[in-house]
Amino acid sequence: MKPTLPGFAHHRVPVAEDVSLHVAVGGSGAPVVLLHGFPQTHLMWRHVAADLAADHTVICPDLRGYGDSDKPREDGPDTYSKRTMAQDVVTLARELGHDRFALAGHDRGALVAFRAGLDHPDAVSHLACLDILPTLDMWNALHGTSAAVGFHLYLMAQPPGLAERMISASADVFFGHFLDVWTNRPDAIPPEIRAEYLRASREAVPSIVADYRASAGVDVEHDEADRATGNRLTMPVTVLQQDWGAALGYEATALWEAWAADLRHTTVSCGHFMAEEAPADIAEALRDLMSRQGV
C-alpha cells in the first residue's frame with residue numbers, strides 16, 4: 001500500500017494552466033506550508049507535519065515536477081524556474097483559503113520557499129530554509145575538488161538530453177545514492193518510504209532534471225537581479241544547515257545575512273534529511289519561528 005500522511009486529507013489543486021499539485025492537508029489553526037526536497041516527496045514531512053497539525057493547518061504539497069503532482073514538459077527556462085514554482089505554492093495556499101502563511105522548505109523546496117519569500121512578501125509571513133544556500137551563493141561556493149560533492153548539479157545543468165538519458169538508465173541507483181550518502185541515520189528513511197521516493201523519482205526524471213537545469217540558469221539570473229536592486233527577505237527567517245561552510249570554505253551566516261534582515265541561523269549536527277532524522281528538533285525550530293513577530 002502506498003504510504004500517506006495519517007489523518008491528512010489528500011487533494012489535487014489546480015495552480016496554473018494544465019498544472020495541478022497533489023497536496024496533503026491536516027490540522028487546524030494558523031497555516032504553514034511545508035515543501036519537500038530531492039529526491040523526495042511530501043512524505044519527508046510525515047513526522048513534523050503530524051506534530052505541527054496539533055495547532056496549525058499543515059499543507060504539504062508535492063512540488064511541480066515531483067511526486068504525484070503534474071510534470072509539464074519543459075518548454076523554456078521558466079517552466080521549472082523557482083519563480084514559477086513559488087507562484088504555484090502561493091496559488092495553492094490561496095485556493096485552500098490562505099492569503100498569508102508560514103513557509104518552510106528543505107533542499108529544492110527551500111529554494112522555492114526562498115524565491116516565494118522574495119517575490120511574495122505579502123503572502124509569506126515567516127520563512128524557514130533547511131540545508132541550502134540561495135542559488136547564487138551556492139554556485140559561488142562550489143570550487144575546486146570540493147565541488148565534487150555537487151556533481152549532480154553540474155550533470156543536470158547540461159542541455160536537454162544527456163542527463164535525462166544517463167539517469168533514466170539507472171534511476172534507482174542514481175537517486176538511491178543520495179538517500180544513502182546524505183543521511184547520518186539510515187533508519188530515518190524506512191524501506192517503504194525509500195521505495196516511494198525511488199518510485200516517484202524514477203517516474204519524474206525529465207522534470208527533476210529541468211528543475212536543476214533552471215537553477216543553473218534562470219534562477220541565478222533572478223537572484224542576481226534581486227542582489228542588484230537590494231531586494232531582501234523582510235519576514236522572520238530561520239535557516240538550519242549542516243556545517244557545509246567548513247568543508248567548502250564559506251561563512252554561511254554571513255551569506256544569509258545579506259539576504260535576510262531578521263535571521264536566525266543554526267548549524268545542526270544531523271544529516272541532510274533533517275526533518276526525518278531529527279523531526280522533534282525541526283518542529284521545535286518551526287514553532288519558534290512562527291512565534292516571532294512578523295511585519
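## Sheet and helix packing

An open sheet of eight strands, with mixed pairing, follows the order E1-E2-E4-E3-E5-E6-E7-E8. Strand E1 (9–16) and strand E8 (263–267) stand at the edges; each has a single partner strand, so one side of each is left without a neighbour in the sheet. On average, neighbouring strands of this sheet are turned by 20° against each other, direction ignored. The model described here is predicted.

Within the sheet, strand E3 (residues 30–35) and strand E5 (residues 101–106) run parallel and are joined by four bridges. Val33 has Leu103 in E5 as its bridge partner.

Two helices lie against the strands. Helix H2 packs on the sheet and touches E1, strand E2 (19–26), E3, strand E4 (56–61) and E5. Helix H14 (residues 279–291) lies across E3, E4, E5, strand E6 (124–130), strand E7 (237–241) and E8. The table gives the angles for these helices.

| Helix | Strand | Angle between directions |
|---|---|---|
| H2 | E1 | about 125° |
| H14 | E6 | about 150° |

H2 also packs against another helix. The axes of H2 (residues 82–95) and helix H3 (residues 108–119) are 8 Å apart, at an angle of about 80°. Angles of 65 to 115 degrees count as roughly perpendicular, and H2 and H3 are therefore roughly perpendicular to each other. On the H2 side, the contact involves Lys82, Arg83, Met85, Ala86 and Val89. These meet Arg108, Leu111, Val112, Arg115, Ala116 and Asp119 in H3. Of the residues in this contact, six are nonpolar and five charged, with no polar ones.

Technical notes: Residues numbered from 1 in each chain as written. Predicted model: local features only at pLDDT ≥ 70, side-chain atom pairs only at ≥ 80, totals over all residues. Heavy atoms only, no water. Axes fitted to C-alpha atoms, helices over the stretch in contact; angles between N-to-C directions. Parallel < 35°, antiparallel > 145°, perpendicular 65-115°, else oblique. Contact = heavy atoms within 4.5 Å. Nonpolar A, V, L, I, M, F, W, Y, C, P; charged D, E, K, R; others polar. Pairing = 2+ DSSP bridges.
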